[in-house]
Amino acid sequence: MGNLVRSLSLDDALAALAALSDVLSAEEAADALGISTSTLRRRIRDGDLRALRTSAGRGGRLRILKRDLAELLAEMGRE
């Protein structure tokens with residue numbers, strides 16, 4: 001799934017997201033965008049993508065809302 005976004009049209013990628021759960025892991029979100037988890041974490045840190053943590057501190061897992069991922073995907077399609 002590495003280059004999923006690059007190989008699908010924006011509409012097809014958004015439709016694929018609709019089939020997923022409302023909350024995605026960092027790995028699932030990175031796969032959907034066709035980027036590495038390191039790049040995804042950097043985009044979160046830079047404020048390009050909102051994320052939730054399952055618990056406070058560094059031990060919490062990142063979770064990304066599908067609607068937030070769809071917004072970033074739409075922005076990437078406009079670049």
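This report walks through the salt bridges and the nonpolar core of the structure above.

The model is predicted, with local features requiring pLDDT of at least 70, side-chain atom pairs counting only at pLDDT 80 or more, and totals for chains, interfaces and linings using all residues. Residues are numbered from 1 along each chain as its sequence is written, and side-chain values use heavy atoms, leaving out hydrogens and water.

**Charged pairs**

Side chains of opposite charge can pair when their charged atoms come close. A salt bridge here is a side-chain nitrogen of Lys or Arg within 4 Å of a carboxyl oxygen of Asp or Glu. Searching the whole structure turns up 3 salt bridges, and the table sets them out.

| Acidic residue | Basic residue | N to O distance |
|---|---|---|
| Asp22 | Lys66 | 3.6 Å |
| Asp48 | Arg43 | 3.5 Å |
| Asp68 | Arg50 | 2.6 Å |

To place these pairs, it helps to know the naming: helices (H or I, at least four residues) and strands (E, at least two) are DSSP runs, numbered from the N terminus. Burial also needs its cut-offs: buried means under 20% relative accessible area, exposed over 50%, and partly exposed in between (1.4 Å probe, protein chains only).

Let us start with Asp22 and Lys66, which form a salt bridge. This pair joins distant parts of the chain, 44 residues apart: Asp22 sits in the loop between α2 (10–18) and β1 (23–25), and Lys66 belongs to helix α5 (residues 66–78). Asp22 is exposed at 55% relative accessibility, whereas Lys66 is buried at 15%.

Arg50 and Asp68 also meet in a salt bridge. They too link distant parts of the chain, with Arg50 in the loop between α4 (37–45) and β2 (52–53) and Asp68 in helix α5, 18 residues apart. Arg50 counts as exposed, at 53%, while Asp68 is buried, at 6%.

In the remaining pair, Asp48 with Arg43, Asp48 is partly exposed at 38% and Arg43 is buried at 18%.

**The nonpolar core**

A nonpolar core is a set of buried Ala, Val, Leu, Ile, Met, Phe, Trp, Tyr and Cys residues joined through side-chain atoms within 4.5 Å. Which residues have the most contacts inside the largest one? They are Ala29, Leu33, Leu40, Ile44, Leu49, Ile64 and Leu69, in a core of 15 residues. At least two residues come from each of α3 (26–33), α4, β3 (62–65) and α5, and α3 gives the most, with 5 residues.

Leu40 makes a good closing example. Leaving aside residues up to four places away in sequence, Leu40 touches Ala26, Ala29, Ala30, Leu33, Ile35, Leu49 and Ile64, where contact means heavy atoms within 4.5 Å.
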